[in-house]
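Me: I am new to this structure. Please walk me through it in short questions and answers.

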Amino acid sequence: TTRTLLSIMAAPTGNLNCKDFSMFQEALKVMRTIDDRIVHELNATIPTVSFSGKVDATQTCKKLYESLLEAHLSRDRAIKTCIAQTSSVVSQLREERAKDIDNLTLIKELRKEQTKLKLMQSELNVEEVVNDRSLKVFNERCRIHYSPPKTH
C-alpha cells in the first residue's frame, strides 16, 4: 500500500557514507527503493476502471507523486553533498601533493579520491535516468487521476 511505500521511501539520507564508495552506492540503492517498486505500487494501489469507485486514485496518485519528488530531491541532495565533500578532499590532497611531489602514498590516495569523485558524479546521471523512468511510469498510470503542478 501507499503507507508501506512511504515508510520504505523514508530511507536514511543523513547517514550517507561519502568516504566508502560501496557504502555510498548501497545507501543509494536503498534510497531508490521507491523508484524500483513504482510499477508494483501503481498496480497495487491504482485501480483498473472496473474498481475505480473503491479507491481515491487522485489522493493515492498525489501522495505517490509527492513521495517520488521527495525521494528524488533527497537523493540529489545526498549525492551532491558527497560530491562536495569528496571534491574538498581531492583539493586538499592536490595541495599536499604540490608540496611533496614524490610522495607515492599521497599520489595513490589522490588518484583513489579522484576516481571516487568521478563515480559519484556519474551517479547524478544514473539519478536522472531513474527519475525519468519513474515519472514516465507514474504519468502513464496517474495522468487521468492527478496532474502534478508544473515545475517550469
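Reply: Start with one side chain. Lys80 has a relative accessible area of 44%. Buried means under 20% and exposed means over 50%, with partly exposed in between, so Lys80 counts as partly exposed. Keep in mind that this is a predicted model.

Me: Which residue meets Lys80 in a salt bridge?
Reply: The N to O distance of this salt bridge is 3.1 Å. The two partners are four residues apart in helix α5, so about one helical turn separates them. The partner has a relative accessible area of 26% and is partly exposed. The partner of Lys80 is Asp76.

Me: Which residues are joined into one network by salt bridges that share partners?
Reply: Here salt bridges are linked through shared partners. One of the pairs in the structure is Arg32 with Glu123, with the closest N and O atoms 3.0 Å apart. The network consists of Arg32, Asp35, Arg75, Glu123 and Glu127.

Me: How many residues apart in sequence are the parts that Arg32 and Glu123 tie together?
Reply: Arg32 sits in the loop between α2 and α3, while Glu123 belongs to helix α6. Both Arg32 and Glu123 are buried. Because of where the two lie, the pair ties together parts whose separation in sequence is 91 residues.

Me: Is Asp35 buried or exposed?
Reply: Asp35 lies in helix α3, which covers residues 33–36. Its relative accessibility is 0%. Buried means under 20%, so Asp35 is buried.

Me: What distance separates the C-alpha atoms of Asp35 and Val137?
Reply: Along the chain, Asp35 and Val137 are 102 residues apart. In space, their C-alpha atoms are separated by 9.7 Å.

Me: What separates Lys62 and Glu66 along helix α5?
Reply: Lys62 and Glu66 form a salt bridge, with the closest N and O atoms 2.8 Å apart. Lys62 is partly exposed at 30% relative accessibility. Glu66 is partly exposed too, at 39%. The two are four residues apart in the helix, so they are separated by about one helical turn.

Me: How many salt bridges does a search of the whole structure find?
Reply: Lys62 with Glu66 is one pair, and Asp76 with Lys80 is another. The search of the whole structure gives a total of 10.

Me: How many helices does the chain have?
Reply: From the N terminus on, the elements run α-α-α-α-α-α. There are zero strands. The number of helices is six.

Me: Which helix gives the largest share of the largest nonpolar core?
Reply: This core has 16 residues, and Leu16, Phe24, Cys82 and Met120 touch the most other members. Helices α2, α5 and α6 each supply at least two of its residues. The largest share is six residues, and it comes from α5.

Me: What share of the residues in the chain is buried?
Reply: The chain has 152 residues. Those that count as buried have under 20% relative accessible area. They make up 36%.

Me: Which residues form the positive surface patch?
Reply: Helices α5 (57–99) and α6 (104–142) each supply at least two of the residues. One member lies in helix α6 and is exposed, with a relative accessible area of 55%; that one is Arg111. The patch is formed by Arg94, Arg97, Arg111 and Lys118.

Me: Which residues gather in the patch of negative charge?
Reply: Take Glu95, placed in helix α5. Glu95 is exposed, with a relative accessible area of 53%. The patch on the surface gathers Glu95, Glu96, Asp100 and Asp102.

Definitions and conventions: Residues numbered from 1 in each chain as written. Predicted model: local features only at pLDDT ≥ 70, side-chain atom pairs only at ≥ 80, totals over all residues. Heavy atoms only, no water. Patch = residues over 30% accessible without salt bridge, like charges linked within 9 Å, V, L, I, M, F, W, Y side chains within 5 Å. Areas by Shrake-Rupley, 256 points an atom, 1.4 Å probe, with all protein chains shown as cover. Salt bridge = Lys/Arg side-chain N within 4 Å of Asp/Glu carboxyl O. Lys, Arg positive; Asp, Glu negative; His and termini not counted. Charge placed at Lys NZ, Arg CZ, Asp CG, Glu CD. Buried < 20%, exposed > 50% of the residue type's maximum accessible area, 1.4 Å probe, protein only. Core = buried A, V, L, I, M, F, W, Y, C linked by side-chain atoms within 4.5 Å.
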